[in-house]
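Good morning, everyone, and thank you for making time for this. Please have the sequence and the structure open while I talk, and stop me whenever a term is unclear.

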Amino acid sequence: MRECFRLPALLASALCLVGATAHAEPLGSHQPHVEASLGVRVSKVADAGFDPFADSDALAQVSLGLGATVLRAQRFSLSAVGFWDYGQSSSTSRGSSTSLAVHRLSVGPELRYHLLPPLYLFVHALPAFAHSEASMDDRVADATRYARHWSYGVDGALGAAFEVYGTRSGESVRPRLWVIAEGGYGYLGSTRLKLLPDPGQGPERTSPVDLGSLSLSGPYLRVSAALSF
Amino acid sequence: MCGALALACGGRPSSWDTPFVAANSQNGLAPAYGLTGSVAVLDTALGRVTLLSSPAALTLASHSIGLGTDLAATRVSADRKTLFALSRGVQPQRKPNDERPQLLLIDGGPTPKVLQSYPLTEPMDQLVLDPKNEWAVVYGSSGVVVNLNELVLVNLAQTGADALSFKTLLSFGGNPKRFTFTGPLAVPGGDPRRFLIVERDFDLVLIDLAAPDRDAVTVPLPSTDAGGTATSAQVVYDADSASIAVRVTGTTSVFLLQLAAPAQDGQDYSVVTNLVDVGAQPATIDFVHNAQGLRLVALVGTSAVLVDPDTATTQAVQMPAAFTGIRRITSELNPSAAPALDGDVALLYGPNISKIAYFNLSGAPGALFRSIEPYDIGVSVKNVIDVPGDTYFDHKILETPNQQFYVLDLNTRESAPMKTNGGLTLEVAPDGERVWAYNPGQAGFASVDFARLHPISLIAERAVSNVFDIEGVNGQRTAVALHLAAGTADGIGATVLDALAPSTANARFYSGLELGGVK
């Protein structure tokens, strides 16, 4: 039990030390006013409903982010951030081509703490909603079947951002380049996978192919590059 | 990067990467089987069967059941209630828990389920079912050393290892070709009991199913008229007299076997054989009763030769044509009566004759020629199909070699010709109310109900491979027109109709059924 408390205590001591060291330096524009990011989000989707659409449990998405700092208090700052993640996974299910396209939009507050002017840690909990389109080429029906759904959830993550390019002075208004990494858990509600052809496609009164339910919840990593002003 | 790789860990079951391919009949497996309450579609790639049942009107549900590794044979019981699947299991066995060969029984009702599993000790290839659903025979081992004459008799009334009887038939070089399960034969000196007749290259083997572990009786076949080796072409029996007759190739004689009381100690019964010349090689034989008693009728050219099995005397009756097929219809004409000891009625037909005839054997011996009434129906008949159930048991379907079939009312002797535009496959509904006709690979199919003989033509939106008529969970009748592409990677599709009022205007289409239960 004693070992369990030792590591957090060490981390807290280290943070205080780094914070004390950096205390004298003004943050200025190291605390971004606005920022835009481009990155990759990789989620682990262990749900069996994902199996028809992917050979592995990974769902890779391109990630675009926007953020603006709305509140500053010394090393702390509060930003409003939002991300749009889009990814597609393709596979075959017993010989039928399948695909799953997922749009995910998450918006919410992000709390940041600058350890150093070029390094801050952050935590966020972002309400998220997603639109998924599952499709399958049905060779018997000679039509493509779809299941399109909205689902809702939340993304919670911890991360760090490191400034890789920018002037040392916090007075500068020139853009700064950051590398951001975060890891967390994204929750989304389950949706039914009842795939049907679009109206007018396939035989009359085609019944859906029921592949059960799909939950895109799972841990994720996002790595991105951001420009801040 | 490491984190991303870690997230990517974890795959999916390999089943998703295994395409569905409809079973190829060249392997001895049909792509699909019609059962009373479900349609069984073999999914050999995953070693399972997908059973399609109808939980409500115009709906279809799929339920998959594993059949075991390396499926060897599948059969449907005569009453269509059970699907039998014989699998070889994991071969060679490497681990104690490797799957063993087995015979699996699946209930084909509206709620399919596994009924029974019989583990076998060796992988077998062949499966034969008893029409009365009391026995199954598996044989044809595929081991390193194969005993071609070893049969495994499975008593379906028992479970586990107790159900299995291993039987090695004494052999002089032949091996099993065909099997006939008899009804209870009234063997003198004992209770009526059933026999399994095994036709081999040069002999017959009689296995007493009341005591399958007792020694079997081997009866050599007679030689051909030229002195060569003969083989059996047909076996028929009469239960009441415990008589068996064999049509033998290459001879003008029929081979008669009479099961009699034991002739010596240690015997359960004895076999008395006789050879009766009927003048030429018969096209077919069957037991019938006429006013004088039991007779074996052999159709020889344009003659029906009646053989008295007791005296071996013969009587030839001139037929109006060279019929080659005979079917007793006595019970269909009068189902409530006791067995017709005063004379059977038989239907005569042939694939090369545009006539059928009713052969009434109740007439006086000297006037039998007058008892054959021919009907010119304009087409030949290659097969006579029975109609099950209690309503239209007196109907027969006459299947022709071309694109027609006849619905024959035996009582009124009226026949309704039905002409189709393409080839013809017939599927009689298990409830005996209608027949479905279709041409595999074509979109068109039709229903003919026996009440009105009214054909309803239907055009599906996809090519039809099979049509089955099943009972739904609520008792409703559902027609399932399957869309399977034999031998190619495709899926399981079906058009579902109300069997009692079929219409493509309200039919429902299902596909992707091969994806259910993949794990």
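What is the mean pLDDT of chain A, and what percentage of its residues reach 70 or more? The mean is 88, and 88% of the residues of chain A reach 70 or more, where pLDDT is the predictor's confidence in each residue, from 0 to 100.

Before going on, I should say that this is a predicted model, in which local features need pLDDT of at least 70 and side-chain atom pairs count only at pLDDT 80 or more, while totals for chains, interfaces and linings use all residues. Residues are numbered from 1 along each chain as its sequence is written, and chains are lettered from A, with ligands numbered from 1, in the order in which they are written.

Let me begin with the uncertain parts of chain A. Over residues 1–5 of chain A the pLDDT stays under 50, and the model has zero contacts for them beyond four places in sequence; two residues are in contact if their C-beta atoms, placed from the backbone, lie within 7 Å. Residues 14–24 of chain A also have pLDDT below 50, although this stretch has eight contacts in the model beyond near neighbours in sequence.

Now to chain B, whose domain assignment gives domain 1 (170–277) and domain 2 (281–419), with bounds that come from an automatic or database domain assignment. The centres of these two domains of chain B, taken over C-alpha atoms, are separated by 25 Å. Where they meet, 14 residues of domain 1 of chain B are in contact with 13 residues of domain 2 of chain B.

What lies in the interior? The largest nonpolar core has 139 residues, and those that touch the most other members are V39(B), A136(B), V138(B), V254(B), A298(B), L348(B) and V480(B). Such a core is a set of buried Ala, Val, Leu, Ile, Met, Phe, Trp, Tyr and Cys residues joined through C-beta atoms within 7 Å, and a residue is buried if 20 or more other C-beta atoms lie within 10 Å of its own. Because domain 1 (170–277) and domain 2 (281–419) of chain B both give residues to this core, it lies between them. Leaving aside residues up to four places away in sequence, V480(B) touches V39(B), L52(B), L60(B), F468(B), I470(B), A494(B) and V496(B). Apart from the largest core lies another, of 27 residues, including F50(A), A54(A), L100(A) and L193(A).

Note on methods: A residue is buried if 20 or more other C-beta atoms lie within 10 Å of its own, exposed if 12 or fewer, and partly exposed in between; C-beta atoms are placed from the backbone.
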